[in-house]
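I opened this entry to look up the pockets and the nonpolar core, and I kept the notes in the order in which I went through them.

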Amino acid sequence: MPQPTYKILLFMKRRAGTSVEAFRDYYENNHVPLCLKYTSGVTRYIRRYVNPLPHPETGPFDEAPFDVITELWFEDEAIFKGTVDYITTNIMPDEVVEDEKKLFDRSSFRIATVTEAETEFSAA
């Protein structure tokens with residue numbers, strides 16, 4: 001049986017007037033290195049950039065409510081719970097907040113944890 005993985009999801013929108021390309025470039029090359037100083041106990045740090053596509057019934061999906069879904073993975077439940085407690089009750093360090101102001105619409109931030117269920121497909 002695989003060891004449980006605990007995840008925090010961060011849903012974030014880019015700052016108005018920032019292109020998708022500039023947003024992704026700044027996040028990867030500036031914000032990620034800064035945040036790595038504060039990721040003790042995180043086993044994976046994943047950014048999932050949203051690429052809106054049209055739907056045949058509902059039409060265009062021009063502007064998503066979030067531009068990135070960031071995943072913080074933990075193998076240690078105590079570290080996970082401590083991180084959840086910290087990020088849901090405290091403001092991040094000043095240098096992170098100042099950098100976030102350059103990158104995100106901070107009023108759009110949403111945080112969630114997930115419980116996963118996975119269907120395994122048998123080899124055909």
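**Pockets and core**

Working from a predicted model, I began with the elements around the largest pocket, and I noted that strand S1 (6–12), helix H1 (20–35), strand S3 (68–74), helix H2 (77–89), helix H3 (94–103) and strand S4 (110–113) each supply at least two residues of its lining. I then looked up the volume of the largest pocket, which comes to about 610 Å³. Its lining has 28 residues, and I recorded Leu10, Leu72, Ile87, Met92 and Glu100 as those that lie nearest the centre. Sorted by class, the lining of the largest pocket holds 19 nonpolar, six polar and three charged residues.

I turned next to the second largest pocket, for which I found a volume of about 410 Å³. This pocket is lined by 13 residues, with Gln3, Pro4, Thr5, Tyr6 and Glu116 nearest its centre, and the classes in its lining are six nonpolar, three polar and four charged.

Which residues have the most contacts inside the largest nonpolar core? I found Ile8, Tyr27 and Phe104 in that role, in a core of 18 residues. S1, H1, S3, H2 and H3 each give at least two residues to this core, and H1 provides the largest share of it, with five.

I followed Ile8 further and, leaving aside residues up to four places away in sequence, listed its contacts as Thr70, Glu71, Leu72, Phe74, Phe80, Thr83, Val84, Ile87, Ile111, Ala112 and Thr113. Two of the names in that list, Leu72 and Ile87, I had already entered among the residues nearest the centre of the largest pocket.

How values were computed
Residues are numbered from 1 along each chain as its sequence is written. This is a predicted model: local features need pLDDT of at least 70, side-chain atom pairs count only at pLDDT 80 or more; totals for chains, interfaces and linings use all residues. Side-chain values use heavy atoms; hydrogens and water are left out. On a 1 Å grid over the protein atoms alone, a cavity is a set of points where a 1.4 Å probe fits but cannot get out, and a pocket is an open set with protein on both sides within 12 Å along at least five of seven lines; lining residues have an atom within 4 Å of a point. Grid points are joined across faces, edges and corners, and a volume is the space filled by probe spheres set on the points. Helices (H or I, at least four residues) and strands (E, at least two) are DSSP runs, numbered from the N terminus. Ala, Val, Leu, Ile, Met, Phe, Trp, Tyr, Cys and Pro count as nonpolar, Asp, Glu, Lys and Arg as charged, and the others, Gly among them, as polar. A nonpolar core is a set of buried Ala, Val, Leu, Ile, Met, Phe, Trp, Tyr and Cys residues joined through side-chain atoms within 4.5 Å. Buried means under 20% relative accessible area, exposed over 50%, partly exposed in between (1.4 Å probe, protein chains only). Contact means heavy atoms within 4.5 Å.
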